[in-house]
Amino acid sequence: MTTWGTPPAAVGVAHPKPEVVRLERVGLDFDGRPVLKDLSLSIRRDEVVSVLGPSGCGKTTLLNIVAGFLQASSGVALANGREISGPGPDRGVVFQSYALFDWMTVQDNIAFSLSCAGRPRSEQLEVAQQMVQLVGLTGFEKAYPYQLSGGMKQRCGLARVLASKPSVMLMDEPFAAVDVQTRETLQEEILRIQAATGCTIVFITHSIEEAVFLGHRILLMQRGGFGAFKEYAVELPEPRSNPENRLHAEFVRLRGEVYRDLRASYAAEAA
Ligand SMILES: Nc1ncnc2c1ncn2[C@@H]1O[C@H](COP(=O)(O)OP(=O)(O)O)[C@@H](O)[C@H]1O
Ligand SMILES: [Mg+2]
């Protein structure tokens, strides 16, 4: 089992888990046009937070601020207690496009961040092998991306991000391009990996099912709401990777509630 981040609080002591992401009244303007306004959010270690909302409501912008690709126009954005001033290895980003290097093997794609950091080759190979096992790509270490299916490419993309042991994984509709069965398998894998590593995940999706299955919390953003969101707690049994959770009464109830809220926001927009 691979673990990273700070150790959990001593047993029996009810300390909240450390805050991995903190946004305080964050605003962001593009060319003087506000996209996010006064957005406050706290995400703790070990949490999976799903972000849902119609196209253009600011999901990717929010993720890009946490990733350090965009600087907030106002407010404070912190990762692990430090002000976010750019990308960092503590925040891993998984894109929908796999962003793999076509000319590198699976192993070398995964080891890339370690090779950039100047880690010895023996360590690169050891970590790559651990990550290959973690994401279920054993036997494909020497394959090139063109020899992999879409689902396998996404596993490799995940392994590459996991290799730098980020405290938070930022995922922007990562499974949108794979077929439904592969997508469900990858969702289960993500939760298995999350439970094994204790890393925090912020997961943007258009799929209500995906948001409910993955998240401990769901944030539903509204179009034109400048990042305002409604929040839902997801109370599903552990292990959360159990596919049977998709049939659980609470899954069905919450999917319905979020669906109705989303429909109501579209109807309000069209009125
Ligand atoms: N680089 C940019 N320059 C100007 N406007 C942008 C830029 N990126 C996003 N926007 C605008 O900001 C809003 C939110 O975009 P985005 O965060 O990509 O939404 P979502 O991911 O929810 O679909 C949209 O109106 C979009 O057109
Ligand atoms: Mg987006």
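Modeller: In this predicted model, two helices count as roughly parallel when the angle between their axes is under 35 degrees.

Biologist: Why, then, are helices H4 and H5 called roughly parallel to each other?

Modeller: Helix H4 (residues 150-162) and helix H5 (residues 180-197) pack at an angle of about 25°, with their axes 10 Å apart; that angle is under the cut-off of 35 degrees, and H4 and H5 are therefore roughly parallel. Their crossing is right-handed, and the contact is made by Gly150, Gly151 and Gln154 of H4 together with Thr182, Thr185 and Leu186 of H5.

Biologist: What makes up the contact of H4 with H5 in terms of nonpolar, polar and charged residues?

Modeller: The residues of that contact divide into 1 nonpolar, 5 polar and no charged, where Gly is counted among the polar residues.

Biologist: Why is Asp38 called partly exposed, rather than buried or exposed?

Modeller: Asp38, whose place is in strand S2 (residues 33-44), has 15 other C-beta atoms within 10 Å; a buried residue would need 20 or more and an exposed one 12 or fewer, so Asp38 is partly exposed. Asp38 also has a positive phi of about 50°, although it is not a glycine.

Biologist: And what makes Glu173, in the loop between S7 and H5, buried or partly exposed?

Modeller: Glu173 has 19 other C-beta atoms within 10 Å, whereas being buried requires 20 or more, and Glu173 is therefore partly exposed. Phi of Glu173 is near 45°, again a positive value in a residue other than glycine.

How values were computed. Residues are numbered from 1 along each chain as its sequence is written. Chains are lettered from A and ligands numbered from 1 in the order in which they are written. This is a predicted model: local features need pLDDT of at least 70, side-chain atom pairs count only at pLDDT 80 or more; totals for chains, interfaces and linings use all residues. Axes are lines fitted to C-alpha atoms, for helices over the stretch in contact, and angles run from 0 to 180 degrees between N-to-C directions. Helices (H or I, at least four residues) and strands (E, at least two) are DSSP runs, numbered from the N terminus. Angles under 35 degrees count as roughly parallel, over 145 as roughly antiparallel, 65 to 115 as roughly perpendicular and the rest as oblique. A crossing is left-handed if the near helix is turned anticlockwise from the far one by less than a right angle, and right-handed if clockwise. Two residues are in contact if their C-beta atoms, placed from the backbone, lie within 7 Å.
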